[in-house]
Amino acid sequence: MKQALSMNECGDARVVPIIVRSCDWHSAPFGSLLATPTDGRPISIWRDRDEAMTVVAKEIRQIAVEESKGATSKLKAKDEKVRSEVDVRPAVRSSNLAIAKIWTDREKDEFLASAFEFIFEFFDNSLRELTDRNASVEAAIERVDSYSFTATLYNHGKRVSHVSISRKSQMGFQAGRVISLSFNDSGFSEQLNLETNEHSIYLKPLGLRFSGQQDSFDKLASAEYYWSELIRPLQGN
């Protein structure tokens, strides 16, 4: 990294930090460089990570084009005056330009619906793979309506796990957006509440079984969390 930064300072290379997760990267040796995605906003907090990766690709491509033009110009330059006239490097500025995000009700509802559909697809695919790998295991998944579905596991024909997962948005005094999981055989339940901060929107586990250090889940972490509850009886937990 030191060699790369040294080459960057000399103009022999271009270093572009790609910020994947939230971190104090401004205090790193490359903290003064222009980062991507735009303004160094971490990919992990984008509502659509595919869009974030697209932004990264476009910005890297643009930098490559600029550097290519700059290299061609330097080869043709005869003095410092000419080089300064054809220099296409961006002006020096701060990368710390992100401002607090205000999340609308529409964005919150869309995220909750998207997370619920992700969990359903995750369960459907995981159940297929589980039964393919284990001859004694059978599974059933049923979409009740747009807001809920059930999943059931059988081992040697005996039902060993059954859950219902649903999403709901409440307004008024009990305002809140949640994706809940309930064990129909025992009445035990878990809940993921939709939360926001100035940079991201996420789901927060509130169930009694959650003992992890992470208190903010993206769609994948939420799906894994609920899947672990369904498969727990087959794993002897």
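## Salt bridges and side-chain exposure

With a relative accessibility of 38%, E129 is classed as partly exposed. The model described here is predicted. E129 pairs with R133 in a salt bridge whose closest N and O atoms lie 2.8 Å apart. Both residues belong to helix α4, where a spacing of 4 residues separates E129 from R133 by about one helical turn. R133 is exposed, its relative accessible area being 64%.

The structure contains 8 salt bridges, including the three pairs tabulated below.

| Acidic residue | Basic residue | N to O distance |
|---|---|---|
| E107 | K101 | 3.0 Å |
| E110 | R106 | 2.9 Å |
| E129 | R133 | 2.8 Å |

Helix α4, which spans residues 105-133, also holds E110 and R106; these two are 4 residues apart, or about one helical turn. E110 is partly exposed at 33% relative accessibility, whereas R106 is exposed, with a relative accessible area of 60%.

The salt bridge of E107 with K101 involves a buried acidic residue. E107 has a relative accessibility of 14% and therefore falls under the 20% limit for buried residues. Its partner K101 is partly exposed, at 34% relative accessible area.

Salt bridges also join residues into a network, the members of which are D105, D109 and R177. In general terms, side chains of opposite charge can pair when their charged atoms come close.

Key:
Residues are numbered from 1 along each chain as its sequence is written. This is a predicted model: local features need pLDDT of at least 70, side-chain atom pairs count only at pLDDT 80 or more; totals for chains, interfaces and linings use all residues. Side-chain values use heavy atoms; hydrogens and water are left out. A salt bridge is a side-chain nitrogen of Lys or Arg within 4 Å of a carboxyl oxygen of Asp or Glu. Buried means under 20% relative accessible area, exposed over 50%, partly exposed in between (1.4 Å probe, protein chains only).
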